[in-house]
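Work through the exercises below with the model open. Try each task before reading its solution.

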Amino acid sequence: MLTLIDHVGVAVEEIDAALAFYTDVLKLELVHRETVTEQGVEAALLDVGDGHVELIAPLGPDTGVAKFLAKRGPGLHHVAYRVADIDATLATLAAAGTRLIDATPRTGIRRSRVAFLHPASSGGVLTEIVQPAEDH
Ligand code: CO
């Protein structure tokens, strides 16, 4: 069902400041930047092998990421697993009694379809599943 760790999501206060570490020190390649209004974030994707690091910074104070930063500070925010069929995966998870934040997929970065599982069902780890767009 899950084929790869697609990305780890890292909450940051400000994308450009955080990017300096990832590109200059870790030498990862920045491959995409996007404002994802539906999730209230500005995001940057860096390649690491077949997976990514996803930096996310809040668009405003009322966003989930802003609340996360206020409560916990910058750091690891979520783990995202790649799936081939997000609708089938969500149905399987729901049938298993998994608490879902998103019962139906929403639009993620690079036109992917994503859904979040509630941390209460995943040992405190905010977990995302992602079905990439056909061309990614
Ligand atoms: Co993500």
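**Exercise 1: the metal site**

The donors of the cobalt ion are spaced along the chain as H-x46-E-x23-H-x49-E. The model is a predicted one.

Task: Find which atoms coordinate the cobalt ion, and at what distances.

Solution.
- Step 1. Take the histidines: H7 and H78 each coordinate the cobalt ion through NE2.
- Step 2. Take the glutamates: E54 and E128 coordinate through OE.
- Step 3. Read the distances: the four residues sit at 2.1 to 2.3 Å from the ion.
- Step 4. Check the angles. Among the four donor atoms they run from 85 to 169°, and the site is irregular. A tetrahedral site would need all angles between 85 and 135 degrees, so the upper value rules that label out.
- Step 5. Place two of the donors. H7 is in strand β1 (residues 2-11) and E54 is in strand β4 (residues 51-58), so this pair ties together parts that are 47 residues apart in sequence. Both H7 and E54 are buried.

**Exercise 2: the surroundings of Q131**

Task: Decide whether Q131 is buried or exposed, and find which residues it is in contact with.

Solution.
- Step 1. Locate Q131: it belongs to strand β8 (residues 127-131).
- Step 2. Apply the cut-off. Buried means under 20% relative accessible area. Q131 has 17% relative accessibility, so it counts as buried.
- Step 3. Leave aside neighbours within four places in sequence. Q131 is then in contact with V83, A84, D85, I86, S112 and R113.
- Step 4. Look at I86 again. The side chain of Q131 reaches the backbone nitrogen of I86 at 2.8 Å.

**Exercise 3: hairpins and positive phi**

Task: Find how many bridges join β2 to β3, and how many join β3 to β4.

Solution.
- Step 1. Count for β2 and strand β3 (residues 41-48): seven bridges, with the strands antiparallel. L30 stands opposite L46 in β3.
- Step 2. Inspect the turn. Four residues lie between β2 and β3 in this hairpin, and G40 in the turn has a positive phi of about 70°.
- Step 3. Count for β3 and β4: eight bridges, again antiparallel. V41 has P58 in β4 as its bridge partner.
- Step 4. Inspect this hairpin too. Two residues lie between the strands, and G49 takes a positive phi near 60°.

Task: Where does K27 lie, and is it buried or exposed?

Solution.
- Step 1. K27 is in the loop between α1 (15-25) and β2 (29-36).
- Step 2. Its relative accessibility is 64%, so K27 counts as exposed.
- Step 3. Most residues other than glycine have a negative phi. K27 is not a glycine, yet its phi is positive, about 60°.

Technical notes:
Residues are numbered from 1 along each chain as its sequence is written. This is a predicted model: local features need pLDDT of at least 70, side-chain atom pairs count only at pLDDT 80 or more; totals for chains, interfaces and linings use all residues. Side-chain values use heavy atoms; hydrogens and water are left out. Donors are N, O and S atoms within 2.8 Å of the metal (3.2 Å for Na, K and Ca); water is not among the atoms, so sites may look incomplete. Four donors count as tetrahedral if all angles lie between 85 and 135 degrees; four count as square planar and six as octahedral if opposite donors are over 155 degrees apart and all others between 65 and 115; anything else is irregular. Buried means under 20% relative accessible area, exposed over 50%, partly exposed in between (1.4 Å probe, protein chains only). A polar contact is a pair of N or O atoms within 3.5 Å; within protein, one must be able to donate a hydrogen and the other to accept it, and residues adjacent in sequence count only if both atoms are side-chain atoms. Contact means heavy atoms within 4.5 Å. Two strands pair if DSSP finds at least two bridges between them.
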